[in-house]
Amino acid sequence: QVQLVESGGGLVQSGGSLRLSCAASGRFLSLNVMGWYRQAPGKERELVATMGSNGGTGYGDSVKGRFTISRDNAKNTVFLQMNSLKPEDTAVYYCNANGRHYITGYFNSWGQGTQVTVSS
């Protein structure tokens, strides 16, 4: 089993910044793609940003130019720097990771989620 533990959410004013962190632990051979998704009340979960083990990145259209994803592969950790936050960024942010597992061969895991609230 692979565990993802998120931190860094909170309440911030519009225009402010927050940095989320997500650390992976457990019996995995390798981490492939790590990323962030978010879900606002009454809406479907949507992509925020992903980063592959080779450094390739992808972003949701609504966060391009404002959010930056990064990884510390030595610490199995992914970060999300969120700048110029808007009230519409308010959501529960979930960390996601996939890769190779010792027993199952493949895993795809989710964190428990961290609340980000942006006040206007």
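Buried, as used on this tour, means under 20% relative accessible area, and exposed means over 50%, with partly exposed in between. The model on screen is predicted.

**Stop 1: the whole chain**

Show the chain as a cartoon. There are 11 strands and 0 helices, so the pattern along the sequence is β repeated from start to end. The radius of gyration is 14 Å, close to the 14 Å that the globule rule gives for 120 residues, so the chain is as compact as a globular protein of that length. Measuring tools aside, the C-alpha trace spans about 45 × 25 × 20 Å along its principal axes. Colour by accessibility next: 42% of the 120 residues count as buried.

**Stop 2: the open sheet**

Select residues 2-7, which are strand β1, and 67-72, which are strand β7. These are the edge strands of an open sheet, each pairing on one side only. Add β3 and β8, and the sheet of 4 strands is complete, in the order β1-β3-β8-β7 with antiparallel pairing. From one strand to the next the twist averages 15°.

Stay on β1 and show its side chains. Which residues of β1 are on the covered face, and which on the uncovered one? Val2, Leu4 and Glu6 make up the covered face, while Gln3, Val5 and Ser7 make up the uncovered one.

Now bring in the neighbour, β3. The two strands, β1 and β3, are joined by 6 bridges in the antiparallel sense. To find the register, pick Val5, which stands opposite Ala23 in β3.

Move on to the other partner of β3. Residues 18-26 form β3 and residues 77-82 form β8, and this antiparallel pair also has 6 bridges. Here the residue to pick is Arg19, whose bridge partner in β8 is Gln81.

**Stop 3: the salt-bridge network**

Side chains of opposite charge can pair when their charged atoms come close. In this model the count comes to 4 salt bridges. Select Arg38 and show everything around its side chain.

One partner of Arg38 is Glu46, with the closest N and O atoms 2.6 Å apart. Is each member of this pair buried, exposed or partly exposed? Arg38 has a relative accessible area of 5% and is buried, whereas Glu46, at 35%, is partly exposed.

Another partner of Arg38 is Asp89, where the closest N and O atoms are 2.9 Å apart. Arg38 lies in strand β4 (residues 28-39) and Asp89 in the loop between β8 and β9, so this salt bridge ties together parts that are 51 residues apart in sequence. Both Arg38 and Asp89 are buried.

Centre the view on Asp89 and look for Arg66. The side chains of Asp89 and Arg66 meet in a salt bridge of 2.8 Å, N to O. This pair also links distant parts of the chain: Arg66 is in the loop between β6 (57-59) and β7, Asp89 is in the loop between β8 and β9, and 23 residues separate the two. Asp89 counts as buried because its relative accessibility is 1%, and Arg66 counts as buried at 11%. Select Arg38, Glu46, Arg66 and Asp89 together: salt bridges that share partners join these residues into one network.

**Stop 4: the hairpin of β9 and β10**

Select β9 (91-101) and β10 (107-110). These strands run antiparallel and are joined by 4 bridges. Asn96 stands opposite Trp110 in β10. On β10, Phe107 and Ser109 form the covered face, and Asn108 and Trp110 the uncovered one.

Then follow the turn of the hairpin, which has 5 residues between the strands. Which residue there takes a positive phi? Gly105 does, with a value near 90°.

**Stop 5: a nonpolar surface patch**

Stay in the loop between β9 and β10 and pick Ile103. Its relative accessible area is 67%, so Ile103 is exposed. Add Leu29 and Tyr102 to the selection and switch on the surface. Together, Leu29, Tyr102 and Ile103 make a nonpolar patch of about 340 Å².

Notes. Residues numbered from 1 in each chain as written. Predicted model: local features only at pLDDT ≥ 70, side-chain atom pairs only at ≥ 80, totals over all residues. Heavy atoms only, no water. Pairing = 2+ DSSP bridges. Axes fitted to C-alpha atoms, helices over the stretch in contact; angles between N-to-C directions. Buried < 20%, exposed > 50% of the residue type's maximum accessible area, 1.4 Å probe, protein only. Patch = residues over 30% accessible without salt bridge, like charges linked within 9 Å, V, L, I, M, F, W, Y side chains within 5 Å. Areas by Shrake-Rupley, 256 points an atom, 1.4 Å probe, with all protein chains shown as cover. Rg over C-alpha atoms; globule rule 2.2 N^0.38 Å.
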